[in-house]
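Hi everyone, thanks for coming along. I'd like to take a few minutes to walk you through one fold, so let me put it up on the screen.

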Amino acid sequence: IEITKKGTNKWEAFCHLPVEDAIFIGDGENDISMFEACGKNVAMGNAVDSLKQRADYITSDIDAGGLEEAIKFLVK
């Protein structure tokens, strides 16, 4: 559980990393704000289309090894 003051930007509060160095992997509408904040973004194959449109890379579905594929892409 995290408790923050209303209106707190979670990125600024918890992530002490330049956003251009940040990587995010997601699949839902609720991940769009993180995609907008991070320097590199990966959408899972089963992600919503609006997230895939913002992705630097799209993996296979999560159930078809997509997470492993994402990690391999990111460590190149």
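Let's start with the sheet: three strands, ordered β1-β2-β3, make an open sheet with parallel pairing. The edge positions go to β1, residues 23-26, and β3, residues 57-58; each has a single partner strand, so one side of each has no neighbour in the sheet. Please keep in mind that this is a predicted model.

As a quick reminder, strands of a sheet pair through backbone hydrogen bonds, in either a parallel or an antiparallel way.

Now for the pairings themselves. Between β1 and β2, the latter being residues 40-43, there are four bridges in the parallel sense. If you'd like a spot to zoom in on, find G26, which sits opposite A43 of β2. And which residue of β3 is the bridge partner of A43? That's I58. Overall, β2 and β3 run parallel and are joined by two bridges.

Next, the helices. Helix α2, residues 32-37, belongs with β1 and β2 to a β-α-β unit, and that unit is right-handed. Then there's helix α4, residues 66-74, which lies across β1, β2 and β3. Relative to β2, helix α4 runs at about 155 degrees.

That's my tour; happy to rotate the view for anyone.

Note on methods. Residues numbered from 1 in each chain as written. Predicted model: local features only at pLDDT ≥ 70, side-chain atom pairs only at ≥ 80, totals over all residues. Heavy atoms only, no water. Pairing = 2+ DSSP bridges. Contact = heavy atoms within 4.5 Å. Axes fitted to C-alpha atoms, helices over the stretch in contact; angles between N-to-C directions. Right-handed = clockwise from strand over helix to strand, strands pointing away.
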